[in-house]
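Here is a friendly walk through a structure with helices, strands and a meeting of chains to look at. Take a moment to turn the picture around before you read on.

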Amino acid sequence: MSGARSSAFSDRSGGWLINAIFVATFLITAFLIVTPLAALLHGSFQTGSPGTKTVFTFKNWADLGSGNIIHTLLTTCFISIVTAVFSTLGGAGLTWLVYRSDFRFKRSLVAAVGLSFFFPGFILAMAWVILASPGGIFNDLLDIEWLQFDIYSITGIIWIQILHIIPFAFFTLRGPMISMDSSLEEAGYASGANPWAVIRRVTLPLMIFPLLSSLLLCFVLSVEQFAIPAMVGIPGHVNTLATELYLLTSFSPPNTGLAAAVGLAMSAVTGLSIFLQRQIVRRHSAPTVTGRGYRVRPLTLGRWRFLADAICLFYVAMSFIIPALALIYTSGIKFFVANPFEAAWTWRNYGQIWQSPGTIRSFWNTLVVAGGGAVLGLTLGTLIAWFTHRLKPRGYQALDALASLPFGIPGIVIGLGFLWSYVYLPIYGTLLVLVFCYVARFLPYATETIGAQVVQLDKSLEEAAWASGANRLASFRRIILPLLRPALQSGYFLLFIAYFREVAAAALIYTASTQVLSISIWAFFENANWGVASALSIVTTVITVTLMATVMRAPLKV
Amino acid sequence: MGIFVKGLVKRYGGKTVVDHIDFEIADGELVSLLGPSGCGKTTTLRCIAGLETPDGGRIEIDGEVVFDSASGRVVEPYHRNIGMVFQSYAIWPHMTVFENVAFPLRVRGAKAADITSRVSRALQRVGLGAFHDRSSQQLSGGQQQRVAVARAIVHEPAVLLFDEPLSNLDARLRDETRAEIRQLQHDLKVSTIYVTHDQTEALSLSDRILVMHDGLIRQLGTPEAIYARPNDVFVAEVVGTANFFNVIVTTDGHAVTPGGATFHSSCLSPAGPARAMIRPDRLIISATVPAPGPNTLQGIIRQRLFMGGHYEYVVETEAGSPRVLSSDEFAEQTPVVLSFDAGDCIFLPA
């Protein structure tokens, strides 16, 4: 096999060019991913900050054991475990309703879950501060002692994170649920088992590994979460590892060395979880459809259907509708008051967006970073997917490992790594740092999206092109690229959206001239300018949701 | 009481896949639903199992109404006393062989001792006595199929439903398993519906065959009757290879080909254009010329295929080029005469 491969590689038909492209891809990937990690490792042994005079020390690693950090670690784990359990339960419940029951509003529910999926976490957090902080809408309007809810708390963080992560669980679980061989469940009914027995004894045991996998993914998403704990945790003096790292870096006196050690420790937790998750997926995929596509006859909810309706409506209201309404309300009033009847309505907040040169600049910056950066990210991702799934030249496993590394590294940690390394490079303070950082952080998004499609393409399609006389490059350009186009399109917009709304990776490396939209919103919010922050959030959400609705219809379909 | 189906209708979207069909299956009888894919046979089976809800009609299993559109009665599949073998076998990968087979008993609340003995008996019956503790994922396709059968019979259901159970097995195993299913059904004397698109399976297994096409029943009868006297060209082709000749029926039992050959048939048929059908094994091929008369065709052997036990010839005649089976050897291009009995020739609507 390897002999055939290498000989096919050194043929005269463009072989040297492909080799050159492979080497370039490998080096760029290594540069983007290894540099920040190496810088972090270096930084974790330094006393000072990047760019200052600093000496070697073990103190940062020793400080990881301090009571403060251990407490933060435990808090993070507690928050993340609770979040993961409830998100997976919620996601599984919704998946079951949509794909196994006669729930009446399947289409609307999937569309609504899709909306929540694309509703940026930091905007959701902001809306919930407006709703449920001590002076917020709920608490002010519902002036009842025992119904007061302080969002600035561990419960608050968990609540918002669950709302935010349920759609991830839903989209993770629906694949296995759809592709599970439905005759396995039908055989249960035919054997005389009632729906509850079939769920308990057939569906659940068969879904156990997808559920575990979802649990681990949700755990990782929660550990990496920066925006939500930053917005509701920092004011309530609840720190997670991500916000701790941010505080250590951004407030003086900075302790960037300890932050680097925290970041590496954090990556160890998330990296290990991702490793476990991938092992599970690889070894225990649920039995899939072999025969015809008969759908399981949906189960009759009967009198339970009102309960199902109510639960779903509650979720959709809490995760999207009410937060969006709160933002619209806040964006349209002069001064914040909880009662709409006492509010002075105005367009002023929207006007301020256009009058502030800083905001206009952050619009342009975001467009450049998201629009242009996504091209770079997608190109690199496509090349990597092509090399690792199809051509498999010598060293492709290393490339694959490198490219999937960012899966296990939280955004804020990558940001810190870039801060440690790029201070020394001439691009410091330019948008290019943000672009590099985003490309690195979201590289797995690109390689997974494209890779899934590459695997689907039968090799004979390409071989037929060779047999017809097209060399590797020509067959890639004329056969493969056109066939990959749907994946490329969705990959592009996935990256665009991800770059567009990223907070964590940008939080540490933006400068006044490279501020992006997400950071502007956050800054307005932190300065208690809730009106403009809300107005900007609405503009951002409308852009995101419109893009997703027009371009990526697929994920919203039942 | 077997199975009783009346006016069964099932639609998907605007398409009617089962179109008002009626049939009855006697106690202990095995009936095959035979037809090409998309003819509605599997949908009919799934309606009887309760895995699909029909749009109209009435179904009774063992005397109990399990579906009736008039009264709105729908019995859930798990409350119907059925055993079903799926095309994909649907062996649960998270259970051992024993647990798979024990499942129908467990959900019915059987006692532990009872379960052990009945599962053992069921497994013995399908020849898997030693497979109790085997993980279901270590089984071959043929073994999985047997586990599926054991699981379907272990609770002694009123009816057995087979959905193309042999289509995923290789040819040799299929022949063997077919015979075993027939034996098993004979021993259990349980009413059985067997869905298949394979004519050999239907012919060899069934007490009666129900041929379906486009959601309609085209013919229902014993294998011998359907093979020898199909209602129409479609049924004739579904149950086996058939030779057709264009003829004009003159008087009852007599017809002429455009070339002037005369066919006599013992079947009655209205006058006018028709298709005469003769099975390849019913045409007699000979080199010696018998007295010219009805039911003979002069021809030349155009192709010879050696099939092992016999030869298959394509013989060119002025009436057409039928296929003929014979154990006698003839060289290609030999002039021959084909003849047949009036009882082996039937006239079908053109």
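## A crossing of two helices

In chain A, helix H4(A) crosses helix H8(A) with a right-handed sense. Keep in mind as you explore that this is a predicted model. H4(A) covers residues 67-100 and H8(A) covers residues 154-179, and the two pack at an angle of about 45° with their axes 6 Å apart. That angle makes H4(A) oblique to H8(A), because it is neither under 35 degrees nor in the 65 to 115 range. The residues of this contact divide into 17 nonpolar, nine polar and one charged.

## H8(A) has another neighbour

H8(A) also packs against helix H10(A), which runs over residues 195-224 of chain A. Here the angle is about 150°, and the axes lie 9 Å apart. The crossing of H8(A) and H10(A) is right-handed.

Which residues of H8(A) meet H10(A)? From H8(A) come A:Gln161, A:Ile165, A:Phe168, A:Ala169, A:Thr172, A:Leu173 and A:Pro176. Facing them in H10(A) are A:Met207, A:Pro210, A:Ser213, A:Ser214, A:Leu217, A:Cys218, A:Leu221 and A:Ser222. Sorted by character, the residues of this contact are ten nonpolar, five polar and no charged.

## A pair further along chain A

Now move along to helix H21(A), residues 459-467, and helix H22(A), residues 472-501. They pack at an angle of about 155°, with their axes 10 Å apart. Since angles over 145 degrees count as roughly antiparallel, H21(A) and H22(A) are therefore roughly antiparallel to each other. H21(A) passes H22(A) in a right-handed crossing.

On the H21(A) side, the meeting residues are A:Leu461, A:Glu462, A:Ala465 and A:Trp466. On the H22(A) side, they are A:Ser475, A:Arg478, A:Ile479, A:Ile480 and A:Leu483. The contact of H21(A) with H22(A) is made up of six nonpolar residues, one polar and two charged.

## Chain A as a whole

How many helices and strands does chain A have? There are 25 helices and zero strands. Chain A has a radius of gyration of 25 Å, close to the 24 Å that the globule rule gives for 558 residues, so chain A is as compact as a globular protein of that length. Along its principal axes, the C-alpha trace of chain A spans about 75 × 75 × 50 Å.

## Sheets in chain B

Chain B gives us some strands to look at. One open sheet has five strands in the order S2-S1-S4-S5-S6, with antiparallel pairing. Its edge strands are S2(B), residues 15-25, and S6(B), residues 73-74, and each of these pairs on one side only. S6(B) pairs with S5(B), residues 64-68, in the antiparallel sense over two bridges. Look for B:Asp68, whose bridge partner in S6(B) is B:Arg73.

Another open sheet of five strands in chain B follows the order S14-S13-S12-S15-S21, again with antiparallel pairing. At its edges stand S14(B), residues 262-264, and S21(B), residues 346-349; each has a single partner strand, so one side of each is left without a neighbour in the sheet. From one strand to the next, the twist averages 45°. Within this sheet, S12(B), residues 243-249, is joined by seven bridges to S15(B), residues 272-278, and the two run antiparallel. B:Val249 has B:Gly272 in S15(B) as its bridge partner.

## A hairpin in chain B

Strands S10(B), residues 208-213, and S11(B), residues 216-221, run antiparallel and are joined by five bridges. B:Met212 stands opposite B:Ile217 in S11(B). How many residues lie between the two strands of this hairpin? There are two, and B:Asp214 in the turn has a positive phi of about 50°.

## Where the chains meet

Finally, visit the place where chains A and B touch. Chain B brings 21 residues to the contact, and chain A brings 19. The elements of chain B that give two or more residues to its side are strand S7(B), residues 82-85, and helix H2(B), residues 97-107. H2(B) gives the most, with three residues. The side of chain B that touches chain A divides into 13 nonpolar residues, five polar and three charged.

Conventions: Residues are numbered from 1 along each chain as its sequence is written. Chains are lettered from A and ligands numbered from 1 in the order in which they are written. This is a predicted model: local features need pLDDT of at least 70, side-chain atom pairs count only at pLDDT 80 or more; totals for chains, interfaces and linings use all residues. Axes are lines fitted to C-alpha atoms, for helices over the stretch in contact, and angles run from 0 to 180 degrees between N-to-C directions. Helices (H or I, at least four residues) and strands (E, at least two) are DSSP runs, numbered from the N terminus. A crossing is left-handed if the near helix is turned anticlockwise from the far one by less than a right angle, and right-handed if clockwise. Two residues are in contact if their C-beta atoms, placed from the backbone, lie within 7 Å. Ala, Val, Leu, Ile, Met, Phe, Trp, Tyr, Cys and Pro count as nonpolar, Asp, Glu, Lys and Arg as charged, and the others, Gly among them, as polar. Two strands pair if DSSP finds at least two bridges between them. The radius of gyration is taken over C-alpha atoms; the globule rule is 2.2 Å times the number of residues to the power 0.38.
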